[in-house]
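Trainee: I have a model open and would like to go through its packing. Could you take me through it, please?

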Amino acid sequence: MNASDISNLDAAPMGLKKIAWAQQQMPVLRQLQEQVSQEQPLKGLRVGASLHITSETAHLAQVLKAAGAEVALCACNPLSTQDEVAAALVTQDVQVFARRGEDNATYYRHIDAVLDTAPHILLDNGADLITEMHKQRKDLVPEVIGATEETTTGIARLNSMARSNLLQFPVISVNNAKSKYLFDNRYGTGQSTLDAIMRSTNALMAGKNIVVAGYGWCGKGIAARARGLGAIVTVVEINPMQALEAAMDGFHVTPMEKAATFGEIFITATGDINVIRAEHFEKMKPGAVLCNAGHFNSEIEVPALESLAKDKQEMRPYLWRYDLGDKDVLLLAEGRLVNLTCGEGHPAAVMDMSFANQVLSVLHLARFHRSLGQRVYPVPQDIDERVALLKLQAMGIELGKRTQEQENYQMSWESGT
């Protein structure tokens with residue numbers, strides 16, 4: 001058995017069943033697995049990944065192993081690990097360093113354990129693995145040929161490093177692939193966030209005043225799914241273009257200072273810090289529910305909520321009631337990613353495309369890393385389009401084709417009115 005740190009190896013049989021269920025709904029990844037298992041393009045390479053340890057991620061790890069890589073995983077969030085899946089992966093010769101509910105010290109110890117494997121390629125979700133290597137393990141940088149990053153938050157951090165000339169190897173922004181963010185961020189986050197809120201509160205969404213902070217692709221998906229369930233949706237934005245888009249999409253748009261007075265469920269999806277703060281808690285209605293769909297637990301100012309509270313009590317799993325004296329405020333998932341703490345995260349069918357982008361981007365790095373500089377790159381367009389085409393084929397959807405006349409027309413300039 002490989003060196004790993006997980007909660008319970010005996011849970012592996014249940015984890016294997018969950019992985020098999022996810023595999024059935026990930027036809028693009030299955031097809032890629034068949035291809036790479038024959039060619040083994042990653043043979044001799046070590047891959048280190050900081051990701052949500054879920055059944056879908058397990059399938060990604062299996063594909064990378066089929067391609068010939070040695071794989072080591074740690075969690076990218078202390079509450080997103082599915083312990084049974086971690087156990088299952090250990091039985092399949094993947095090193096896993098992750099325990100659901102691990103404390104901050106253990107979280108960083110697990111990141112360090114993955115870095116101890118001296119990976120050649122990093123897969124990151126939030127950029128903690130990449131930044132820790134740059135800060136604490138610079139001796140390992142020469143071994144690295146490149147990395148991928150899957151979140152908006154992580155890309156913002158890495159772009160900051162690149163602007164300061166601190167980034168030491170190429171990174172492919174899987175997050176910014178159209179076949180990722182148009183579906184994973186929008187439909188995956190939208191559905192899984194509302195699912196998690198309903199599971200953890202058993203609240204009726206119809207007629208609820210739901211406030212969505214942030215109208216990026218995640219916020220768009222959350223707002224659309226909430227409206228689809230009959231909620232009255234308000235969007236809070238600071239970006240004028242996104243605020244205008246939200247208004248044109250039919251949502252009420254207002255600052256948090258005003259939304260705090262009438263919102264019943266608040267969902268943050270901004271990637272920023274302290275979006276909901278002490279002055280907002282004080283204005284909220286009794287029983288207001290707070291949760292976060294962004295990557296880090298920084299969007300809701302939980303320390304301020306703790307200091308305001310006279311008492312707190314866990315009412316249901318991961319649902320805490322804070323007594324503020326004149327009212328109660330409810331917080332889900334400790335302010336961490338609600339969809340993976342209180343639910344199962346994105347459906348496998350949408351992660352199929354995101355992880356196909358991961359696999360193909362890793363193969364791209366393995367092949368072309370010598371020609372890449374030390375900056376953040378988009379996913380190559382041919383990879384993006386290939387993922388979309390493979391998904392359409394798996395769904396049984398056919399595309400139309402241009403006639404020769406149409407091809408000629410598109411290529412010419414002479415024809416006018």
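Mentor: Let us start with Tyr181, which counts as buried because its relative accessibility is 18%, buried meaning under 20% relative accessible area, exposed over 50% and partly exposed in between, with a 1.4 Å probe and protein chains only. This is a predicted model, in which local features need pLDDT of at least 70, side-chain atom pairs count only at pLDDT 80 or more, and totals for chains, interfaces and linings use all residues. Residues are numbered from 1 along each chain as its sequence is written, and side-chain values use heavy atoms, with hydrogens and water left out.

Trainee: And Trp217, is that buried or exposed?

Mentor: Trp217 is partly exposed, with a relative accessible area of 30%.

Trainee: How many aromatic pairs are there?

Mentor: The structure holds four. Rings of Phe, Tyr and Trp (its six-membered ring) pair if their centres lie within 6.5 Å; planes under 30 degrees apart count as stacked, over 60 as edge-to-face and the rest as tilted. For Tyr181 and Trp217 the centres are 5.5 Å apart and the planes at 35°, so that pair is tilted. Tyr181 belongs to helix H8 (residues 178–201) and Trp217 to helix H9, 36 residues apart, so the pair links distant parts of the chain. Helices (H or I, at least four residues) and strands (E, at least two) are DSSP runs, numbered from the N terminus.

Trainee: What about Tyr215 and Phe251?

Mentor: Their ring centres are 5.9 Å apart with planes at 65°, so the pair is edge-to-face. Both residues are buried.

Trainee: Changing topic, what is the strand order in the open sheet?

Mentor: Eight strands are ordered S9-S8-S7-S10-S11-S14-S13-S12, with mixed pairing; two strands pair if DSSP finds at least two bridges between them. Strands S9 (252–253) and S12 (311–316) stand at the edges with a single partner strand each, so one side of each has no neighbour in the sheet.

Trainee: How do S10 and S11 run?

Mentor: They run parallel, and four bridges join S10 (residues 265–268) to S11 (residues 288–292). Ile265 has Val289 as its bridge partner in S11.

Trainee: Finally, which residues touch the most other members of the largest nonpolar core?

Mentor: Among its 57 residues, they are Leu29, Leu64, Leu73, Leu89, Val96, Ile121 and Leu123. Such a core is a set of buried Ala, Val, Leu, Ile, Met, Phe, Trp, Tyr and Cys residues joined through side-chain atoms within 4.5 Å. Helix H15 (residues 348–368) gives the most to this core, with ten residues.
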